[in-house]
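The report that follows should be read alongside the sequence and the coordinates. It moves from solvent exposure and charge pairs to the sheet and the elements packed around it.

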Amino acid sequence: MLMSFIIVHALIVESAYRRYRMSDIVKGLLGLLGVLFALNLYMSWTGIEGYKESRMGLQEQIQQLENKKSALQQKVWEMERNVHRFNLRLESLDSHYFLSRVRDRLQLLSNRKKTSLPMIYFVTPTGFRLEQKADMTRLAQTLAQVPNLHWIVVEDAETTSKSINDIVKRSRVQFTHIAVATPPESKMKSTDPNWLRPRGVPQRNAALAYIRNNLGSSRTGVVYFGDDDNVYDWRLFDEMRRVKRVGVWPVGVVGGLLAEHAMIDGQGVITGFNAIWKPERPFPIDMASFAVNITLVLDNPEAGFSYDVPRGYQESHFLQSCGIANSREMEPLGDYANKASQIGGEELVFVWHTRTEKTKLGRADNSTLLEKVHLTPLQKDAIGYD
């Protein structure tokens, strides 16, 4: 009996002890879960606060960029306003004088490293015709790219024209602009063929006189007679600066030939020319095919052009008056001189004797042009009529 009591009591005590231990374990687990929940909640709150801080930082950066954008826009507006005020100021000044002075300074700066190049005296005789302004504009834009060039423009007129003077000024090259009228008995009519009389005789002589009277102290440079309707490759000017006495190079589409040129022997000496038009001339070449050293012009005061020579002999007359006896005294220049036996596949021609086609007007415009009293400002500007 006693033994049974003891056994029952022991079971009761063991059961109570187990319940007590289970309760502690549950409590411990619940406490741990609480700690983990609190830790997770803290970390979530910390992450949200960090996000808020990052967001605020980005918003501050965006605001700073917006402020910089506004400041830059303000500067742009101020610069545009200053440009507008400057343009208004320019309009109030003598634009031709002011702008030409500025452009001359810029041109001098751009060519400062090229001042050692020999000067090219580019002589252009020109006369009024419907195509004159177009031809002179094209030529001016070519010469504007050539350093150390003095453009001598001689108009066939009693006085220089504003239209041509404006074109020459806009070219930004050093220039001389004069006018010498052709004698009435030697002047061609608009209906005359180009070959009837020599053109540009008094104008070229006037340019030579200007060189002798105003550039006598200059002993370095070359003189070239460049018509206003020819086409010139910039490389031509590099070649002519090498001229010692008389330099010669090929000319494209002239004298009934695709290319008119000198014939050169194995030693680089000119033995003749391939001209088919009047090949008996002392120098059967085109005006565009040669340049002379300025010393020949200065040392031969009578050198020039004349009406008292046969048709096609202007070039020969001038070269002979400069003291050149024959073609062997000439210097072949250009790539052709170095590749005389390799015609084809090489760039050998740097100048073309082109000629602008005469304009054919309709009856109404032709009548208006003849009367010269009802031309509109636009029509006058198109042909350079002052």
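Buried here means under 20% relative accessible area, exposed means over 50%, and partly exposed lies in between. The structure is a predicted model. By the cut-off for burial, Asp 233 is buried, because its relative accessible area is 18%. Its salt-bridge partner is Arg 235, with the closest N and O atoms 2.8 Å apart, and Arg 235 is partly exposed at a relative accessible area of 32%.

**Charge pairs**

Side chains of opposite charge can pair when their charged atoms come close. The count of salt bridges in the model comes to 11, and three of these pairs are set out below.

| Basic residue | Acidic residue | N to O distance |
|---|---|---|
| Arg 138 | Asp 135 | 3.5 Å |
| Arg 235 | Asp 233 | 2.8 Å |
| Arg 242 | Glu 239 | 2.6 Å |

In the pair formed by Arg 242 and Glu 239, whose side chains meet at 2.6 Å from N to O, Arg 242 counts as partly exposed at 45% relative accessibility, whereas Glu 239 counts as buried at 12%. Beyond single pairs, Arg 129, Asp 135, Arg 138 and Asp 228 are joined into one network by salt bridges that share partners. Within that network, Asp 135 and Arg 138 are three residues apart in helix 3 (residues 132-143), and are therefore separated by about one helical turn. Asp 135 is buried, with a relative accessible area of 3%, while Arg 138, at 38%, is partly exposed.

**The seven-stranded sheet**

Strands of a sheet pair through backbone hydrogen bonds, either parallel or antiparallel. In this model an open sheet of seven strands shows mixed pairing, and the strand order is 3-2-1-4-11-6-12. Strand 3 (174-179) and strand 12 stand at the edges with a single partner strand each, so one side of each is left without a neighbour in the sheet. The partnership between strand 6 (residues 246-248) and strand 12 is parallel and rests on two bridges; in this pairing, Gly 247 has Glu 331 of strand 12 as its bridge partner.

Helix 8 (residues 314-321) packs on the sheet, where it touches strand 4, strand 6 and strand 11 (290-293), and its direction makes about 20° with that of strand 11. The buried residues of helix 8 are Gln 314, Glu 315, Ser 316, Phe 318 and Leu 319, and their cover includes helix 5, strand 4, strand 6 and strand 11. Just after helix 8, Gly 323 adopts a positive phi of about 95°. Helix 5 (residues 201-214), for its part, lies across strand 1 (120-126), strand 2 (149-155), strand 3 and strand 4 (222-225), and runs at about 135° to strand 2.

**Loop residues beside the strands**

Which residues, leaving aside neighbours within four places in sequence, are in contact with Leu 333? They are Glu 239, Arg 242, Val 243, Gly 247, Val 248, Trp 249 and Pro 250. Leu 333 itself belongs to the loop between strand 12 (331-332) and helix 9 (335-338), and it is buried, with a relative accessible area of 5%. The C-alpha atom of Leu 333 is 7.7 Å from that of Met 240, although 93 residues separate the two along the chain. The contacts of Leu 333 thus include both members of a salt bridge, Arg 242 and Glu 239.

A second loop residue, Ser 161, is found between strand 2 and helix 4 (162-170). Ser 161 is buried at a relative accessible area of 15%, and with sequence neighbours within four places set aside, its contacts are Glu 155, His 177 and Asp 386.

**A hairpin and a surface patch**

Strand 9 (residues 262-264) and strand 10 (residues 270-273) run antiparallel and are joined by three bridges, one bridge partnership being that of Met 263 with Gly 272 in strand 10. These two strands form a hairpin with five residues between them, and Gly 268 in the turn has a positive phi of about 80°.

Leu 32, Leu 33 and Leu 36 make a nonpolar surface patch of about 300 Å². Leu 36 is found in helix 1 (residues 2-92) and is partly exposed, with a relative accessible area of 47%.

Definitions and conventions: Residues numbered from 1 in each chain as written. Predicted model: local features only at pLDDT ≥ 70, side-chain atom pairs only at ≥ 80, totals over all residues. Heavy atoms only, no water. Helix = DSSP H or I, 4+ residues; strand = E, 2+ residues; numbered from the N terminus. Buried < 20%, exposed > 50% of the residue type's maximum accessible area, 1.4 Å probe, protein only. Contact = heavy atoms within 4.5 Å. Pairing = 2+ DSSP bridges. Axes fitted to C-alpha atoms, helices over the stretch in contact; angles between N-to-C directions. Patch = residues over 30% accessible without salt bridge, like charges linked within 9 Å, V, L, I, M, F, W, Y side chains within 5 Å. Areas by Shrake-Rupley, 256 points an atom, 1.4 Å probe, with all protein chains shown as cover. Salt bridge = Lys/Arg side-chain N within 4 Å of Asp/Glu carboxyl O.
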